[in-house]
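Please look at the sequence and the structure shown here, and then read the short report on pairs of charged side chains that follows.

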Amino acid sequence: MKWAIRILLGLVLFLILDCQSTKEQKATIKPELPKPNLETKKTHLTKELRLTYHAVWVAKENFELLKSGSIFGTGNSYEIRLDAEGKIQWLRLSSTDKENQSQFPYFYKDEVQNPDVSYFVWGTKKCSVLVFSLPDSQLYARWEGIHNGFLLVFETITSHSTGPKELAKDLHEMVLQSLELY
């Protein structure tokens with residue numbers, strides 16, 4: 001019995017020493033890291049913001065992401081600043097599912113003012129653009145459409161230098177150019 005214990009102790013000691021020597025060898029071998037490419041190349045990165053599984057905002061121009069978040073755990077919300085010198089400089093992109101459409105957290109709500117409403121053809125569906133007048137000579141425009149049971153909302157605030165119908169058309173054109181549906 002004593003000889004069996006000695007053999008086991010010998011095996012354990014051998015394994016411990018073998019493991020230590022392996023660790024030392026691994027510590028002395030340093031993997032070669034790839035050297036970073038020092039050339040600075042300006043490449044255009046595609047920026048995409050996923051609104052739903054079936055709707056993605058694909059930027060046609062550079063933008064800065066100001067804020068992102070979740071709406072009711074089923075939708076997304078993004079606020080972006082556009083680089084363009086066009087009429088639309090700021091945009092809020094949002095989505096939510098069918099169950100939460102009635103309590104959607106719009107950026108601006110006015111229960112008294114009658115907005116200027118425009119309807120557009122959007123693929124095989126229709127969408128609407130509501131334009132409200134704000135104080136300080138500004139206009140608030142809200143594009144709304146439903147795709148695969150999700151409400152998609154695009155909101156912007158611009159100066160009053162353009163008319164409501166023209167702003168509605170510009171916002172709709174921007175959505176058509178940048179929104180990809182699957």
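How many salt bridges does the count come to by this rule, in which a side-chain nitrogen of Lys or Arg lies within 4 Å of a carboxyl oxygen of Asp or Glu? The count comes to 6 salt bridges. This is a predicted model, in which local features need pLDDT of at least 70 and side-chain atom pairs count only at pLDDT 80 or more, while totals for chains, interfaces and linings use all residues. Residues are numbered from 1 along each chain as its sequence is written, and side-chain values use heavy atoms, with hydrogens and water left out.

Among the salt bridges are these three:

| Pair | N to O distance |
|---|---|
| Lys67 and Glu79 | 3.9 Å |
| Asp170 and Lys87 | 3.0 Å |
| Arg92 and Glu155 | 2.7 Å |

The Arg92 and Glu155 pair links distant parts of the chain, with Arg92 in strand β5 and Glu155 in strand β9 (residues 150-159), 63 residues apart; strands here are DSSP runs of E with at least two residues, and helices are runs of H or I with at least four, numbered from the N terminus. Arg92 is buried at 9% relative accessible area, and Glu155 is buried at 0%, where buried means under 20%, exposed over 50% and partly exposed in between (1.4 Å probe, protein chains only).

In the Lys67 and Glu79 pair, Lys67 counts as exposed at 52% relative accessibility, whereas Glu79 is buried at 14%.

Asp170 is partly exposed at 25%, and Lys87 is partly exposed at 39%.
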